[in-house]
Amino acid sequence: MLVGRGLLGRLPELAPLPCHVALVMDENVAPLYGALVAEAIGRERVLAVTVPAGEAHKTLETVRDIYDKLLDARLDRQTTILAVGGGVVNDMAGFVAATYLRGVAFVTCPTTLLAMVDASVGGKTGVDVPQGKNLIGAFMQPTAVIADVDTLATLPPAELSAGMAEVIKHGLLAGGVLWAELGRLPWPLPAERWGDLVATAVQVKRDVVQEDPFERGRRALLNLGHTFAHAIEQVSQYAVAHGPAVAMGLACAAHLSAQLGHCAPNLPTDIEQLLTRCQLPTRIPAHLPAEALLAAMGSDKKKADGRLRFVLLRTPGEAFLEGDVPLAAVRETLNSMSKAQ
Ligand code: MG
């Protein structure tokens with residue numbers, strides 16, 4: 001993965017793009033970077049495919065539209081699928097790359113902080129279905145990931161905050177230098193500091209994923225806060241976006257850890273202060289009832305053997321998987337983390 005400034009205009013030097021390129025962007029990103037990227041690669045080699053923006057369109061229907069465009073243009077197996085955009089575009093374009101003509105090359109250029117530090121690493125691709133998020137998909141490793149941090153300048157502040165939820169998660173998993181650095185992070189972060197922060201945060205995920213590419217062990221730790229987050233997203237019918245949901249989920253995971261006696265009682269407060277500084281929420285909206293959230297967790301695909309699993313914390317740098325958390329403890333955490341309290 002390459003992290004730096006001004007990279008999108010230099011794509012052909014930085015990524016292998018041998019023949020035809022199917023450039024997949026959403027309707028927000030296409031007007032910002034479509035021309036720059038197509039120009040850099042050479043317009044005659046590029047088929048631009050624009051998809052509607054937003055998680056609601058991360059569906060098999062949108063994937064089907066992309067297949068149709070590629071098939072109509074008779075793109076062959078030498079084609080590279082190039083995603084430029086956020087996590088939704090990365091996940092869908094990657095899934096298309098994994099399945100089009102049984103698989104073609106995939107290059108991804110994340111343009112949101114969330115996609116840079118999360119979606120673009122690890123090779124998970126796929127779509128949502130009415131039964132839940134990311135239930136249909138494939139592991140597909142991109143041949144190159146190019147993160148141009150200049151694109152962060154056009155992101156709304158809320159999107160930057162959303163990405164920070166995953167950066168903070170990585171800080172909690174890694175501990176050490178990254179966690180210490182986050183403790184004294186100015187917000188908003190000056191433009192020239194994004195490159196280093198993204199590179200450090202992404203390294204945490206790369207290390208974990210390299211050890212466990214198919215999520216049989218350690219990689220499950222990357223789900224810190226995510227059992228809560230996915231339930232919050234699902235019960236809110238995705239009105240709460242992934243980043244804020246992860247922020248709430250991290251706060252919940254810390255409280256659950258403290259409640260079960262695994263971590264120091266001040267850790268939840270430390271985490272909440274950092275989340276708040278980055279303009280992220282720490283409490284679950286009161287209109288999302290604990291019982292509905294518990295039910296949603298029961299259908300989360302990360303459960304094993306019919307029991308709820310949670311990633312819990314001892315200290316920053318020491319997360320672990322707990323396979324048998326008492327339901328009553330989870331209920332208590334959810335009730336105490338509800339905004340109404
Ligand atoms: Mg995530």
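**Exercise 1. Where does the second largest pocket lie with respect to domain 1 and domain 2, and why?**

The model is predicted, so local features are used only at pLDDT of at least 70 and side-chain atom pairs only at pLDDT 80 or more, while totals for chains, interfaces and linings use all residues. Residues are numbered from 1 along each chain as its sequence is written, and side-chain values use heavy atoms, with hydrogens and water left out.

Step 1. The chain is divided into domain 1 (2–154) and domain 2 (157–336), with bounds that come from an automatic or database domain assignment. The contact between them, meaning heavy atoms within 4.5 Å, takes 19 residues from domain 1 and 28 residues from domain 2.

Step 2. Both domains give residues to the lining of the second largest pocket, so the pocket lies between them. A pocket here is an open set of points on a 1 Å grid over the protein atoms alone, where a 1.4 Å probe fits, with protein on both sides within 12 Å along at least five of seven lines, and lining residues have an atom within 4 Å of a point.

**Exercise 2. Describe the lining of the second largest pocket.**

Step 1. The volume is about 250 Å³, taken as the space filled by probe spheres set on the points, which are joined across faces, edges and corners. Of the 13 lining residues, the closest to the centre are Val 121, Gly 122, Gln 141, Arg 206 and Gln 210.

Step 2. Strand E8 (144–148) and helix H8 (194–211) each supply at least two lining residues, and H8 gives the most, with three. Helices (H or I, at least four residues) and strands (E, at least two) are DSSP runs, numbered from the N terminus.

Step 3. By class, seven lining residues are nonpolar, five polar and one charged; Ala, Val, Leu, Ile, Met, Phe, Trp, Tyr, Cys and Pro count as nonpolar, Asp, Glu, Lys and Arg as charged, and the others, Gly among them, as polar.

**Exercise 3. Which residues coordinate the magnesium ion?**

Step 1. The ion is coordinated by Asp 118 (OD), Glu 166 (OE), His 226 (NE2) and His 242 (NE2), at 2.2 to 2.7 Å. Donors are N, O and S atoms within 2.8 Å of the metal (3.2 Å for Na, K and Ca), and because water is not among the atoms, sites may look incomplete.

Step 2. Along the chain, the donors follow the spacing D-x47-E-x59-H-x15-H. Glu 166 in helix H6 (residues 157–174) and His 226 in helix H9 (residues 226–235) are 60 residues apart, and the pair links distant parts of the chain.

Step 3. Glu 166 is buried, with a relative accessible area of 0%, and His 226, at 4%, also counts as buried. Buried means under 20% relative accessible area, exposed over 50%, and partly exposed in between (1.4 Å probe, protein chains only).
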